[in-house]
Amino acid sequence: MPVQPGPWPAHPLPSPAGPPRSSPAPVVAAVFLGLWIVGLTLVTQLGGWLTDQLLLLMGVDRLVWLWPVTTIAVVALAGIPTLLLALLPRSRVVRTVGQLWLVGLLVFGALSLPRALPPVQHEAYLATLAGTAGLAALLIHRLVAHRIAPRGPGDESDRRRRTSPPAPVTLLGLTGGLALLLPWVWVGALGGLLETLLAALAATAVGGLAATLLSDTSWSRRSADAPPRPGQLVLVDGLVAGVVLLLLGAGVGQSGAQLPLLLTLPPAGFALAALAAAARRRATGVRPATAGLVGLSVFGPLAWADPEEVSLVLATARDVPFWVAVATGAGFTVAVLLALGYGVTLVRRPGVRPSRTVAGVAAATLLVTTGAVAVGPGQPGLHGERLFVVLREQADLSGVPTATGRAGRARRAAEVYQRLVETAERTQADLRRELRRFRLDHTPYYLVNAIEVDGGPVVRAWLADRPEVDRVLVSQRARPLPAPAPVTQGDTAPQPGADWNIRLIRADRVWSELGITGTGVTVGSSDSGVDGTHPELAAGFRGGDDSWFDPWNATSAPRDRGGHGTHTLGSAVGRDGVGVAPGASWTGCVNLDRNLGNPALYLDCLQFMLAPFPTGGDPFRDGRPHRAPEILTNSWACPALEGCDSRALQPAVAALAAAGILVVVAAGNTGPRCRSIEGSPAFHPDVLTVGAVDRQRRVAGFSSRGPGLDGGTKPDLVAPGADVLSALPGGGYGALSGTSMATPQVAGVAALMWSANPALIGDLPRTRQILTETATAVRVSGDRCGDEAHVAGAGLVDAYAAVRAARG
């Protein structure tokens, strides 16, 4: 009997040969493209930061065009193949991945452009970042999101979520974000109030942008074609999301602040993929979870780390770069654990839905823990920058008597001190009254007619508009560390007799043949401090209640938390063959902490040197100019990074010169580039600027070169500065290199001269003339910067010849 026709099956049966297999080429292309994007992003971000750091170490101004050009290059090199992936493959899933990465690249480009703003203007950067991220999220939502992922079930879940308590997925996202934030709260420190609020706003905007990029329908679109097993789906979605989050993190933060996000955000993509899978099972959305997790992750480095302190300048000890690396490592570990934990609990057991109670308890526990750490083991409080307000009128010091000798110099110092204080009191009165009225904490100064004030951009604008104000600078403040940076301690045994540097400048012959050791002269050191108990220095401390000042830590006795200051002062006045003038006395002041300072702190010490005051005294009322040290050794500089401009300290060094105080300053360590003597006060004509030579009398490659900013000859002299042995805290000894090591030796030679002939005290022109005329030739290699004097000055200081000339 014939076969009766039956109904057609609902779906065509596969042929005996099986269904047509799609080509794996698009998938392979997507994998290689993802690797290309990741590699290119990591290399350019790290390379850009290293370039910034090398320019900083060389003393060269940052390249404003560096980050915009780098960003455009990344977008172009990665964007073209990504565009092809978004358009050409037949697989809708692969095209969706290409479209998502393409949008991520465009977002990266937009977020990176504000990085051209100076790092010192961090509030402006954060505000720009917040606006850029918010605008990008809005544009993607309105113009692009519907093309990447048409409306689907997730939109209905969004509407239900807005009228219901937070879903477990949302709470788990917040838990993950708090866990990633916790390391930063532990080891970092907040900036100012406005800076912190803007960081929170920027992090919120970036979190919202991430939620828009990785929207609910975006996850479902990529799994719409014959979904694979849940674990495989999370793995694939996590890889795709990780690339997007890498691009997002690469665009967030000033140079250096984005580096931690390159490690912590990509692993979080797998955690978000697991949360998205759980959200689909509960018919809820993953956007709030994404916004919370990414936003809190970004908030950590934006708020708890100063981008200017993520620097190679501080990388030699356990300073900010070390603790940023600790927080980054902890964050990476947390992100990996979140990915594994969420993947196992939310995906490997698909029948189990996350409990709102468990998720709520986890989020609350992390929130309480984070708050407890912030006020306990962390560094509580706000530690923002201050403003350095320079007034238009500076004291008129013309006509100050030019008397010399011990008594004459004391009269000059008293006259200068009186004029400076009177000018500051008169011209600052109205402004200080207004600052008190607005309850703005402030510190007045007289050596430069200036005031340091608490405040942000609004206060800065108000101050800059006042008629008595010349300009307003940002006075940088170092944020506290979770543990003190280690003190540099020596591991070298002291050499018997005078070391090579002392013999090279013939200071040992001054002691043995002329019987001069610096007795009766006081050298003032402004540096990281002094270990007053060191055997080379203990006997030389002048003593009294006006010989030590520590504006950083308010210590009552000489101590050194770094080591630099003990070493430099040891080279000036250390006993037992270490210092040039072992019979001289010394006073000290702390103007550096962790190798950082600012205009106000440098002035704190320079004022103290002009008119020492007792512990707890008022510099304006209690100064004792007759107790001022005769010679100052200064192995520091105030660059723009710390808040100084070229004129910030000029009135200070001019006033000290008018008072008959010899100011000896390090040239800097940014050679062999010409015109590298740029940090104030080294380029000022009122100071004696010192470069460095090695054992072979060759100018050291690191020694900064002239000419000065005004075209004048700088440095003035050179002295031994390579592998110089001197005292270090804890009674030890060590060899250090730099013009910092050369400078105190010239100060020591001047102390020998003034000890040999007290009539020279305060006679700065004659002292400078003797030092330069008795200097000896050195070897100069490389670029002579137009004149060999711009490399070596007058030559190598000769203590023996200078003292003999001073004695007449």
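Start by selecting Arg 594, which is buried, with a relative accessible area of 17%. That puts it under the 20% cut-off for a buried residue. You're looking at a predicted model, by the way. Arg 594 sits in the loop between S9 and H19. Check its backbone too: phi is positive, about 60°, even though this residue is not a glycine. Why stop for that? Because most residues other than glycine have a negative phi.

**A second arginine**

Now jump to Arg 506, in the loop between helix H16 (500-504) and helix H17 (507-514). Here's another non-glycine residue with a positive phi, about 65° this time. Is Arg 506 buried or partly exposed? With a relative accessible area of 25%, Arg 506 is partly exposed.

**The seven-stranded sheet**

Go back to S9 and show the sheet around it. You should find 7 strands in an open sheet with parallel pairing, ordered S8-S9-S7-S10-S11-S12-S13. Find the edges: strand S8 (548-549) and strand S13 (717-720) each have a single partner strand, so one side of each has no neighbour in the sheet.

Next, colour two helices. Helix H18 (residues 564-573) lies across strand S7 (522-527) and strand S9 (585-590), and it runs at about 160° to S7. H19 lies across S7, S8, S9 and S10, at about 150° to S9.

**Into strand S11**

Select strand S11 (residues 662-666). Of its 5 residues, 5 are buried, so the strand is largely enclosed by the rest of the structure. Turn on the side chains: Leu 662, Val 664 and Ala 666 point one way, while Val 663 and Val 665 point the other, all of them buried. In a regular strand the side chains alternate between the two faces of the sheet.

What does S11 pair with on the S10 side, and how many bridges are there? S10 and S11 pair in the parallel sense over 4 bridges, and Asn 634 stands opposite Val 665 in S11. Follow the chain from S10 through helix H20 (residues 650-658) to S11 and you've traced a right-handed β-α-β crossover.

Then look towards strand S12 (residues 688-693), which runs parallel to S11 and is joined to S11 by 3 bridges. Val 665 has Thr 689 as its bridge partner in S12, and Ala 666 stands opposite Val 690.

**Two cis prolines**

Keep going past S12 into the loop between S12 and S13, where you'll find Pro 707. A cis peptide bond joins Gly 706 and Pro 707, with omega about 0°. Pro 715 lies in the loop between S12 and S13 as well. The peptide bond from Lys 714 to Pro 715 is cis, with omega near 5°. These are worth a click because most peptide bonds are trans.

**An exposed histidine**

Select His 626, in the loop between H19 and strand S10 (631-634). His 626 is exposed, with a relative accessible area of 55%. Now add Arg 409: the two are 217 residues apart along the chain, but their C-alpha atoms are separated by 8.2 Å. Leaving aside residues up to four places away in sequence, His 626 touches Arg 409 and Ala 410.

**The four-stranded sheet**

Time for another sheet. In this one, 4 strands form an open, antiparallel sheet in the order S4-S5-S3-S6. Strand S4 (442-445) and strand S6 (469-475) are at the edges, each with a single partner strand, so one side of each is left without a neighbour in the sheet. From one strand to the next, the twist averages 20°.

Zoom in on strand S3 (residues 386-391) and strand S5 (residues 450-454), an antiparallel pair with 5 bridges. Val 389 has Ile 451 in S5 as its bridge partner. Helix H15 (residues 457-464) packs on this sheet, touching S3, S5 and S6, with its direction at about 160° to that of S6. Helix H19 (residues 599-610) packs here too, touching S3, S4, S5 and S6, and its direction makes about 45° with that of S4.

**Last stop: a helix pair**

Finish with helix H6 (residues 168-187) and helix H11 (residues 287-304). Their axes come within 7 Å and cross at roughly 10°, so H6 and H11 are roughly parallel to each other. The contact residues divide into 14 nonpolar, 7 polar and no charged. Pick out a few: Leu 174, Leu 181 and Trp 184 are among those in H6, and Leu 293, Phe 299 and Trp 304 are among those in H11.

Terms used. Residues numbered from 1 in each chain as written. Predicted model: local features only at pLDDT ≥ 70, side-chain atom pairs only at ≥ 80, totals over all residues. Heavy atoms only, no water. Axes fitted to C-alpha atoms, helices over the stretch in contact; angles between N-to-C directions. Parallel < 35°, antiparallel > 145°, perpendicular 65-115°, else oblique. Contact = heavy atoms within 4.5 Å. Nonpolar A, V, L, I, M, F, W, Y, C, P; charged D, E, K, R; others polar. Pairing = 2+ DSSP bridges. Buried < 20%, exposed > 50% of the residue type's maximum accessible area, 1.4 Å probe, protein only. Right-handed = clockwise from strand over helix to strand, strands pointing away.
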